[in-house]
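Subject: A structure for you to explore

Hi there,

I'm passing a structure on to you, along with some notes on what turned up in it. Please have it open beside you while you read.

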Amino acid sequence: MTDRYASFVQSGAGRALVKRLGLPDPPRLRRHSPGDPLLPGPVLLGAATGGRLADPVAAILTAAGVDVSTGTTPPTAGHDDAAAADGPAGRDERAGNGGAPPGGGTSARFGALVYDATGITDSTGLRQLYDFFHPQARAVLPSGRVIVLGTPPAECGSPREATAQRALEGLTRSIGKEFGRGVTAQLVHVTATGDAGTPTSLEATLRFLLSGRSAYVSGQVVRVGTGPAVVPADWNRPLAGQVVLVTGAARGIGAAVARVLARDGAQVVALDVPAAGDALAAVVNEIGGTAVQLDLTTADAPTRLADHLAERHGRVDVVVHNAGITRDKTLGRMDADRWDAVLDVNLSSQERINDVLLERELIPEGGRLVAVSSIAGIAGNRGQTNYATSKAGVIGLVDSLAPALAGRGISVNAVAPGFIETRLTARIPLVVREAGRRMNSLAQGGLPVDVAETIGWLAWPASGAVSGNVVRVCGQSLLGA
Ligand code: NAD
């Protein structure tokens, strides 16, 4: 499904019209291609007094070939007036002061602003955020990144510190809404215990969030904990040697997941119902994977799948539970079959498969479970009581299984997509579809590849310190925010 409005806006004639009429202005997002540099420009790295993460972050970025500046002028400063005038922030400022940077700040251009806020221990210290970000509010390149690093409030040593750390969410979520031009903003909570905060624990998350892989992820709080992280020999193939199962891989998001994970080096076992056999075969032929035709809801599906994985591969390093269905009706009109079918495919089948794979120890230490939830599971949705229940259940599964499997070195996470351009969303009536597309900070729907890249990051051996997260891939949708 193409977004004709976004294509029009990104054309020369469209740009002029959109600016004149003040219409939604979806920017062209920076998406990842293998071999791309992490960022389109240097990083400005700042830290509150007493922060514990600036040094490891500087080491990670420098090793990744990124220019790191701790002053306010980047090594390759330039001025791009056209880009600076785009987006919601640009519109506000033109109305207010003729387009000059707020506060008379620098005209420098950074690929990202990264700020270590772990040193902030009470609310008066929050002023340091203003001092760092205010002069840079116009200094981030289109599709640039803002990352704030904090301490999980629950781990803070005093109520005042916990309060100040919790306050960071308001800043990052607002920056995500304010900077425009495809700039995204995230808060990363880095545990202060164990080896967290070392380059090994943080590197995967920083690389993902800074890169074009996270194009449609914004306004998120990601937790980095203490699980073991294995750094790849080549960051262009972060899944090299991994055996990955992707359910619902014949089309849509699942097919994109299969492609992205194969591109990143994984050996992909792609599963879908027998009726989707031809489409599934086309996907596996394209990526050099193998196909399993299986209806996940049949009684013997978990054992048949486990037998297949045991015989062919001896293990499965990553399980991506993507298969899902909708059977929409308002609750009063919904028959029990619709309820049962959605709960069974979207939630119960995942539990049954996890149980058998874990019991037979087919998921080794360092394994990954990644499930696909939905923002409907967070916000609820009219006509989708069954679907939203199943997708909220997926979040419950992450909450309960992540701590239970930590001892086995297996991480459990979920993605919660928002409006993604697929057959599913193409069927939504036009007006509702347009609202869904535009009601987010990026003013556009995401692509299946955006969900796939996020799943890829959670699947990397290098992401062992990331567990128990539900990461929305929704362009910071207003729903459930
Ligand atoms: P889709 O309908 O295009 O693909 C789903 C795939 O799952 C299909 O190939 C289907 O055959 C397979 N499948 C369904 N039941 C199965 C079963 N019993 N056994 C094996 N395979 C089965 O859907 P999509 O849009 O690609 O969605 C993929 C996932 O993302 C789903 O879990 C969906 O709920 C979730 N999601 C999608 C969106 C969106 O905007 N498209 C938003 C939020 C969440």
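Below are notes on the ligand, two helices and one histidine. Please keep in mind that this is a predicted model.

**The ligand and its surroundings**

Let's start with the ligand. Which residues come nearest to it? There are 28 residues around the ligand, and Arg 251, Ile 253, Asp 272, Asn 322 and Tyr 387 come nearest.

Three of these have a polar atom that you can look up beside an oxygen atom of the ligand. For Asp 272 it is a polar side-chain atom, 2.6 Å from a ligand oxygen. For Asn 322 it is a polar backbone atom, at 2.7 Å from an oxygen of the ligand. Ile 253 also uses a polar backbone atom, with a ligand oxygen 2.8 Å away.

How much of the ligand does the protein bury? On its own the ligand would expose 830 Å², and the protein buries 93% of that. Helix 9 (252-263), strand 8 (267-272), helix 14 and helix 15 (423-426) each give two or more residues to the shell around the ligand. By type, the shell residues divide into 14 nonpolar, 10 polar and 4 charged.

**Helix 14**

Helix 14 runs through residues 385-406. Its 22 residues should span 32 Å at 1.5 Å a residue, and the C-alpha atoms at its ends are indeed 32 Å apart, so the two values agree.

Among its buried residues are Asn 386, Ala 388, Lys 391, Leu 397 and Leu 405. Tyr 387 is another buried residue of this helix, and you met Tyr 387 above as one of the residues that come nearest to the ligand. What covers the buried residues of helix 14? The cover includes helix 12 (336-359), strand 11 (368-372), helix 13 (376-379), strand 12 (411-417) and strand 13 (470-473).

**Helix 17**

Helix 17 covers residues 448-459 and reaches 17 Å from its first C-alpha to its last, close to the expected 16 Å. Why can we call helix 17 largely enclosed by the rest of the structure? Because 11 of its 12 residues are buried. They include Pro 448, Asp 450, Glu 453 and Trp 457.

**His 313**

Finally, find His 313 in the loop between helix 11 (301-312) and strand 10 (318-321). Is His 313 buried or exposed? Its relative accessible area is 18%, and buried means under 20%, so His 313 is buried. Leaving out residues up to four places away in sequence, His 313 touches Val 243, Gln 267, Val 269, Thr 290 and His 308.

Happy exploring!

Methods:
Residues are numbered from 1 along each chain as its sequence is written. This is a predicted model: local features need pLDDT of at least 70, side-chain atom pairs count only at pLDDT 80 or more; totals for chains, interfaces and linings use all residues. Side-chain values use heavy atoms; hydrogens and water are left out. Helices (H or I, at least four residues) and strands (E, at least two) are DSSP runs, numbered from the N terminus. The expected span of a helix is 1.5 Å times one less than its number of residues. Buried means under 20% relative accessible area, exposed over 50%, partly exposed in between (1.4 Å probe, protein chains only). Contact means heavy atoms within 4.5 Å. A residue is near a molecule or strand if one of its heavy atoms lies within 4 Å of it. A polar contact is a pair of N or O atoms within 3.5 Å; within protein, one must be able to donate a hydrogen and the other to accept it, and residues adjacent in sequence count only if both atoms are side-chain atoms. Accessible areas come from the Shrake-Rupley method with a 1.4 Å probe; for residues, only the protein chains shown count as cover. Ala, Val, Leu, Ile, Met, Phe, Trp, Tyr, Cys and Pro count as nonpolar, Asp, Glu, Lys and Arg as charged, and the others, Gly among them, as polar.
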